[in-house]
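Please walk through this protein with the sequence and the model side by side. The explanation begins with how two strands pair and then follows one strand outward to its surroundings.

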Amino acid sequence: MLMGGFALGLVLPGPAAEAHGIDPVTTGHRAVITLWTDDLDAALALALASGGHSPGDPDEFLDGALRVAFVEDPDGHPAQLVQRNR
């Protein structure tokens with residue numbers, strides 16, 4: 001993924017450990033990528049249709065300023081989908 005001159009890449013723990021001599025955490029939710037969207041329902045529907053799993057329904061956050069949903073990819077990696085309420 002590319003945005004504003006930055007590239008985001010994802011690496012599996014095994015190859016990362018072998019190539020860089022690190023000891024990555026391999027259980028539980030290690031990190032959450034946050035993706036901002038103008039349409040949380042559409043983004044969540046696309047994630048679920050693509051094989052993702054949502055552990056719960058979207059909810060309001062920060063006194064209703066944001067609407068948030070979590071989704072996990074088929075390997076259990078979490079992502080947070082966030083929409084600003086206007």
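Strand β3, which covers residues 33-36, pairs with β6 in the parallel sense, and the pairing runs over 4 bridges. One point of reference in this pairing is Trp36, which stands opposite Val82 in β6. The model is a predicted one, and the confidence scores are taken up further on.

β6 also has a second partner. Strand β5, residues 66-72, pairs with β6 in the antiparallel sense over 7 bridges. Here Phe70 stands opposite Gln80 in β6. β5 and β6 form a hairpin, with 5 residues between the two strands. In that turn, Gly76 has a positive phi of about 90°. β6 thus has a parallel pairing with β3 and an antiparallel pairing with β5.

How much of β6 is covered? The strand spans residues 78-84, and 6 of its 7 residues are buried.

Leu35 gives a closer view of the β3 side, as this residue is found in strand β3. Setting aside neighbours within four places in sequence, Leu35 is in contact with Gln80, Leu81 and Val82. The C-alpha atoms of Leu35 and Gln83 are separated by 8.8 Å, although the two residues are 48 residues apart along the chain. Is Leu35 buried or exposed, or in between? Leu35 counts as partly exposed because its relative accessibility is 39%, and that class lies between the buried limit of under 20% and the exposed limit of over 50%.

The same strands reappear at the largest pocket, which holds about 770 Å³ of space. Of the 26 residues that line this pocket, Leu10, Ile33, Asp73, His77 and Pro78 are the closest to its centre. β3, α2, β5 and β6 each supply at least two residues of the lining. By residue class, the lining divides into 17 nonpolar, 5 polar and 4 charged residues.

Last comes the confidence of the prediction. The protein averages a pLDDT of 85, and 97% of the residues score at least 70. Among the elements, helix α2 (residues 40-49) has the highest mean pLDDT, at 95. Strand β1 (residues 2-3) has the lowest mean, at 70. Where pLDDT is low, the predicted coordinates should not be read in detail.

Technical notes:
Residues are numbered from 1 along each chain as its sequence is written. This is a predicted model: local features need pLDDT of at least 70, side-chain atom pairs count only at pLDDT 80 or more; totals for chains, interfaces and linings use all residues. Side-chain values use heavy atoms; hydrogens and water are left out. Buried means under 20% relative accessible area, exposed over 50%, partly exposed in between (1.4 Å probe, protein chains only). Two strands pair if DSSP finds at least two bridges between them. pLDDT is the predictor's confidence in each residue, from 0 to 100. On a 1 Å grid over the protein atoms alone, a cavity is a set of points where a 1.4 Å probe fits but cannot get out, and a pocket is an open set with protein on both sides within 12 Å along at least five of seven lines; lining residues have an atom within 4 Å of a point. Grid points are joined across faces, edges and corners, and a volume is the space filled by probe spheres set on the points. Ala, Val, Leu, Ile, Met, Phe, Trp, Tyr, Cys and Pro count as nonpolar, Asp, Glu, Lys and Arg as charged, and the others, Gly among them, as polar. Contact means heavy atoms within 4.5 Å.
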